[in-house]
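Please find below a colleague's note on this model, to be read alongside the coordinates.

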Amino acid sequence: MTIKVGDKLPESKFRVMTAEGPQVKTTDDIFKGKKVALFAVPGAYTGTCHKMHMPSIFLNAYALKGKGVDTIAVVSVNDAFVMNAWKRDTDQRDEAVFLADGNAEFAKAIGMELDASGNGLGIRSKRYSMLVDDGTVKILNLEAVPSKVEVSGGDTLLSQL
């Protein structure tokens with residue numbers, strides 16, 4: 001089942017890098033009582049994700065927060081070490097939390113897994129953005145083609161707020 005607007009996010013776990021190393025964060029830790037702009041990408045450092053999707057998020061970060069977004073989160077099926085390096089290389093103003101979904105547990109739980117094994121990438125996440133308010137999906141923008149950023153970028157989500 002693919003998640004849709006009005007659905008509550010299922011309980012899942014992410015890894016987030018901290019000064020003490022990788023720590024587990026639950027969906028409640030990230031989403032409970034907050035308005036979160038969640039951006040999902042198939043892979044850290046991959047061409048479209050790194051050169052198109054990430055800039056669209058960070059060019060609009062101030063404006064998203066100005067529209068009431070408490071947290072900007074980026075999730076990918078990568079480990080916490082890769083996500084931490086990607087945060088270092090893309091999030092110059094420390095505006096987002098980077099969520100490692102290394103085993104695609106969250107992607108699978110919401111029906112957003114993508115089988116990219118034909119390209120040697122294994123199971124990944126589909127590309128999407130969503131606005132989550134206190135754990136409930138309010139806006140969902142799913143890309144039809146994972147190699148494009150036409151509806152899942154920061155500019156699109158900002159225009160919907």
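The points that follow deal with one helix, a core and a strand in turn.

1. The model is a predicted one, and the remarks below should be read with that in mind. Helix 2 covers residues 47–58, and its length is self-consistent, because its 12 residues, at 1.5 Å a residue, should span 16 Å and its end C-alpha atoms are 17 Å apart, which agrees. The buried residues of this helix are Thr48, Cys49, His53, Met54, Ser56, Ile57 and Phe58.

2. Thr48, which is found in helix 2, has a relative accessible area of 18% and therefore counts as buried, given that the cut-off is under 20%. A polar atom of the Thr48 side chain lies 3.1 Å from the backbone oxygen of Ser147. Leaving out residues up to four places away in sequence, Thr48 touches His53 within its own helix, and also Arg127, Ser147, Lys148 and Val149.

3. Cys49 also lies in helix 2, and UniProt lists this residue under "active site", in an unreviewed entry. Its annotation may be inferred rather than shown by experiment. In the model Cys49 is buried, with a relative accessible area of 0%. Beyond its neighbours within four places in sequence, Cys49 is in contact with Val41, Pro42, Gly43, Met54, Trp86 and Arg127.

4. Which residues have the most contacts inside the largest nonpolar core? They are Ile72, Trp86 and Phe98, in a core of 23 residues. At least two residues of this core come from each of strand 3, helix 2, helix 3, strand 4, helix 4, strand 5 and helix 6, and the largest share, four residues, is supplied by helix 2. Apart from this core lies another, of 19 residues, among them Ile30, Phe106, Ile110 and Met112.

5. Trp86 touches Cys49, His50 and Met54, and its other contacts, not counting residues up to four places away in sequence, include Val41, Val74 and Phe98.

6. Strand 4 (71–76) is largely enclosed by the rest of the structure, because six of its six residues are buried. In general, the side chains of a regular strand alternate between the two faces of the sheet. Here both faces are covered, with Thr71, Ala73 and Val75 buried on one side and Ile72, Val74 and Ser76 buried on the other.

7. Strand 4 runs parallel to strand 3, to which six bridges join it, and Ile72 is the bridge partner of Ala37. Strand 4 also pairs in the parallel sense with strand 5, over five bridges, and there Val75 has Leu99 as its bridge partner.

Key. Residues numbered from 1 in each chain as written. Predicted model: local features only at pLDDT ≥ 70, side-chain atom pairs only at ≥ 80, totals over all residues. Heavy atoms only, no water. Buried < 20%, exposed > 50% of the residue type's maximum accessible area, 1.4 Å probe, protein only. Polar contact = N/O pair within 3.5 Å; in protein donor to acceptor, adjacent residues only side chain to side chain. Contact = heavy atoms within 4.5 Å. Expected span 1.5 Å × (residues − 1). Core = buried A, V, L, I, M, F, W, Y, C linked by side-chain atoms within 4.5 Å. Pairing = 2+ DSSP bridges.
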